[in-house]
Each structure stands twice: as C-alpha cells, then as structure tokens.
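Please read the report below alongside the sequence and the 3D view.

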Amino acid sequence: MTRKLWIVSAATIVCSGLNVGTALAADQAAYDAACKAAEAARQSAAEMRYEWNTIKPLMEKAGVAAQAGDYERAVKLCDEARKHGEAAMAQAKHESEAWKLSAVR
Amino acid sequence: MKRILVTILGMALVAGLAWATPEEDRQAFIDYHKKRFPNVAVEDYVNGVYAINPPAYQQWLQIEEFPPYELAMAEGKELFETPFANGKTYADCFPNGGVGIRQNYPYFDAETGQVKTLELEVNECREANGEAPYKYSKGKMAAISAYMAFTSRGQKLNIVIPDDPRAQAAYEDGKAYYYSKRGQLNFSCADCHVVNSGMMIRADMLSPALGHPTHFPVYRSKWDDMGTLHRRFGGCNKQVRAEPLPAQSEEYRNLEYFLTYMSNGMDVNGPGARK
Amino acid sequence: MASDIRIKAKLNGDTAEVKTLMKHEMETGTRKDKKTGETVPAHYITEVKCELNGKLVMTANWGPAVSKNPYFAFTVKGAKAGDVLKVSWVDNKGGGSSAETTLG
Amino acid sequence: MKLTRRMFMQGAAAVTALMAAPRALLAWPEKAFKAGSSDEVMQALFGSADVTESGSVVLNAPDIAENGRVVPISVSSSLDGVQSISVIVVENPSPLAASFDLGPGASADVSTRIKMGKTSNVIAVVKADGKLYSAQKEVKVTIGGCGG
C-alpha cells in the first residue's frame, strides 16, 4: 500500500517535472500531503458523525486550484479543510458530555 | 473557588440528568414550552410555528383551504391500495391493515434491537414482497407516508419505551443527538427549536420543538415538494453546516424516537403544509 | 391514475363554491437545473376553463407567476344539485387535462 | 368524480378539434403576459391604462408573504357587470400574473396563489361595464434563511 502510493507520487512528480519543471514538483507533493491529511481528518470526523459540510467543498476547490497549477492556493485550501475536520473532531469530543448541560430538565 | 463550585455543580447536574426518565424529560419539555409561550395551548403545538405566529397562521389557513399535500395524499392512497406483483398489498404488512397506525411509530423492535419507523417498515414491506425499495426522503415514500398519516389524524401519539436497556439506550442516543452542537455554526437542534424558538432567524420564525413530529410528512413551499421528517433532519443539519446523515440512519431513527416521545399524547395531524 | 385536477365544490343555496388544485410544475423558464446547470424550459398552464353543464362560466388566463401546483377558487351563481361542473386546463406545451364533478 | 386526461399533442386531429371547438372568450393574451411593466400590461389587456381606484374592489393579500413562492391572493368586487379580474405584480419581471374572464353565472370572486420575486405592490384590476377599477396593496417578500 505504502509502496504503491509512493510509486503513484513518484510518477506524478516525474510527470509534473516533465511538463512544468522541477520547481513545481515539490508543490504537487505538498498538495498531495495536505490533501491526504485533510481527507483523513474528514473521515475521522465523519466516523464520529460530526462531519462539517464545509470540508468537501474546500477540498474540491483545492483540486481545481491544483489542476490549474496554483499549488499554493491548493495547499492553503487543503489546510483549511483539515482544520475544519479537526475542529469537527474536537466538537464531537466536547459535545459527548457537554450536551447534557443543555438538555431541558 | 467560584469556578470549582460551578464545576462541581455542573457535574452534579450531569450526574443527575443521567437518571431522568423519558417521562420526566417529556414533562419538563412541556413545562418549558408552557413557560416560554404561556398563551399557547399544548394541543395547538401540532400546528408548529403557526401556533406562535398569528400572521403566518392566517396565510396557512388559506393554504389549508386546499393544501398542496392533497395531491400527494391521493397518489399515496393509490400506491397504498395497488397490489404488488405477487398480489399482496401494504395492508398485509401492517397491523389494522396499515390504517390509523401512525401514532405508534416509531417503536422499539425487540427482535432487531432497533428503532423502527413507519417509512422503514414501508420499505421492508416492499422488499418482503419482491419490490424495489423507495428512496426515503421524498417522492413515493413521502406520498405513502402522507396517506398513512392522514388515516391516523386525531389519534394520539403513543410512543413506548419498553423496559429494555437497548430501547433506553436508543432514546438516550436520540436525546444526545438533539442537544449536541454540530456543524461549523456549532448549533444543536435544541439551540434553534428550544432555546430560540419564536425568535427570528433572518426572515423566518423558529418553530417550537413540541409537536414537531406530529405533522410530518410535509409539503414545504421552500421545496415546492413533499418531504419526510428525515428529509427535514438533513436540512437542519445542512443549515448548521454539518454533513447530513442518510435518511433512516440509526442516528436519525433514534432522534425521531426521542423527539416523537416528547410529543406523546398529542394528535397526529400530518401531512402538513409549511412555508 | 390519481387525478391531476382535484375539485371540491360546495352548494350554498344556488351558489356553488368551487375550489380546485391542479398538479403542474409551473416552470417559469428562468430556473436553472441544479445538476446540469441548464435552464429548465418554461412549462406552465396558460388557460383554465370552468364549465357548468357544458356552458363556459369562467376562463382563467395564467402566466408562469402562478405558483406550482396551482390553486384556483371561484363561485358560480345559479347552480343546483345535479349540475355537472367541469374544469380543464391547457399548458404552453400543448398538454392538457380535465376533471368534472357533480354538485350535491 | 369522472376523470379524463387528454394530451393534445397526440395528433393533428386533436389540435383541429380544439381549434374548432366553440370558444366564447378571447384567446390567451400573450402580449399582456410578455409585457415588462404594469402600464404595458394594461395597454395590452385593455388598450388603456386609465383606471380608477375603487373601494368596491377588494384585494386580499398578506402584509408579509410567508414565502414568495406561494402568496395567497383573492379578489372580489361588489360592482355590477364584472367582465374580468386581473392580478398584476408590479415588480415581477412579467407583471401580469393572472387574468380571469367571467362568463354568465360567475361571481366576481376569485382566489389563487402566486409567485413574487420581491416586495411589490400588487394591483387588482376589475373591468366592469367597460370601465376599469382597481385596488392595490404592498406585499412584503423577505428572503428566507431557515423556515419551518
């Protein structure tokens, strides 16, 4: 699995390298990493049933930016998506007890 | 020192809450609404926001002259009465031939250990008779649900939480869902419909929680369409910027279990028309 | 099949109060489909005719600003039990439907 | 209730039958429905924008529409010889919403539900004995956020 991913990333880097030069290759990798981290956070939040509906649109925007070669923006958007995912996880953890204080009694 | 005291008090409350029975919850829920809207009779909450918003009530009465859900009801009646390919009908799947039974849903099914909703059983009936299931949010499911609710109008909601830890857990789970903040806006269901009911959110008045499930499914002008209770749950989740869960997911069924229990004893008056 | 015109008529002396509800999209022609992004073509009822015992008593001319699943209520004088009230519509695409009820 | 459903597109025969059917009242007033202002609507419908406001025309509409997609409207009149009732939403892109031609036996009392894009004056125009009378009312339309 890890190996496969490595090969895919390597291939991407090579492709990018061929097309637009090595300067952007690192950015593609940075985008891939940021995107992976965001997706992991999203999935964790979703498993807790606390996913925010802001995360997927941010990642979609990031994908569009990456495709257009704007890796800086793509990484930024992925980072934001990851932060939303992490905030959702924190919310889930907090609410698992906090809700009891707001119940009508 | 003060903070410690508050914390201790808070913990005591949390501990105390764990012991509230569903019936105590329901009584507290009604008392809350009586205090919040002293001029509204409990039985009027079946009309949702129209119980607390007189100008909107007047327009609603005009819509009720010939409510758009009657088209869905007619479709639902026809679907309900049309036999499946194997010759059986919905009437064979439900108690009392499926007529006048809405008030008993959702219920806890000891066999599966799950909360069963009316819509879930409509699809179980279809599949048991070799038919493809309907989608849960709208369309034919909402039409059948509308017809079955109509045949139950005036019956009193009678949600039972049996002496079974799994049933109580399902109720507690639904209650937790109702009061937990979620989404980017960090709102719970209760933040809008309990704490702030009657307040305006932009141009809309927030409807009170008591009586909410009595009038579903609804024809919503905003949708220009019919929708089930779970479609509305999804809409509420989206509005606080949370990803909605699938209609008939365990969480939504448990939520319906809790929320409907809160309205126990009130009349079924679905289907409804809402803005 | 379930009717796409529903009629409720009530006789008060010689006055019939008629309420109708018609199943129709009433597309304005300006709305965009959320999925495809394409404009949904205009599709709306243009004309509703109401006849009592075959005699035209009312014609409603509508544009796309009439709400989806249109509601239309009117009253007719000089009606009696047993009279047949017919409501029919045509739309801008040439579709149409009709339904009738006997006053009771 | 007896029901029939016809699709007029089914064949030329049906179309011909429709054309041949006796039609006492005027055809659908396309020009009035396509008009972009209330004056143009009046010109197209009546050939005149000369209208008198009258207490004998009663327009029933909400002060604030619960939802602009479904605004209940009713118009009635105590005038004699009412020939038509028209409903104009001044601020809609196509202001004419509906126009009712009354035949013998019809009372001057109609109700329907209309769409309103934004806050607007709604005008009810009643044509009686060849003259035009009107009533108007502002209906506020707010942009919804949540609802229900």
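The text covers the interface of two chains and then one helix.

This is a predicted model, in which local features need pLDDT of at least 70, side-chain atom pairs count only at pLDDT 80 or more, and totals for chains, interfaces and linings use all residues. Residues are numbered from 1 along each chain as its sequence is written, chains are lettered from A and ligands numbered from 1 in the order in which they are written, and side-chain values use heavy atoms, with hydrogens and water left out.

The interface of chain D and chain C is summarised here.

| Item | Value |
|---|---|
| Residues in contact (heavy atoms within 4.5 Å) | 38 residues from chain D, 41 residues from chain C |
| Buried area (accessible area, 1.4 Å probe, lost on being put together, summed over both parts) | about 3,300 Å², 50% of it on carbon and sulfur atoms |
| Salt bridges (side-chain nitrogen of Lys or Arg within 4 Å of a carboxyl oxygen of Asp or Glu) | zero between chain D and chain C |

On the side of chain D that touches chain C, strands (DSSP E runs of at least two residues, numbered from the N terminus) S1 (2-4), S7 (96-102) and S8 (106-114) each give two or more residues. S8(D) gives the most, with eight residues. S8(D) also pairs (at least two DSSP bridges) with strand S5 (residues 71-77) of chain C, in the antiparallel sense over four bridges. In S8(D), Ala106(D) stands opposite Val76(C).

In chain B, helix (a DSSP H or I run of at least four residues) H9 (residues 229-239) has eight of its eleven residues buried (under 20% relative accessible area, 1.4 Å probe, protein chains only), so it is largely enclosed by the rest of the structure. Among these buried residues are Leu229(B), Phe233(B) and Asn237(B). Their cover includes helix H7 (165-179) and helix H10 (250-262) of chain B. Arg241(B), with a positive phi near 65 degrees, follows H9(B).

How values were computed
Buried area = accessible area lost by both parts, 1.4 Å probe. Buried < 20%, exposed > 50% of the residue type's maximum accessible area, 1.4 Å probe, protein only.
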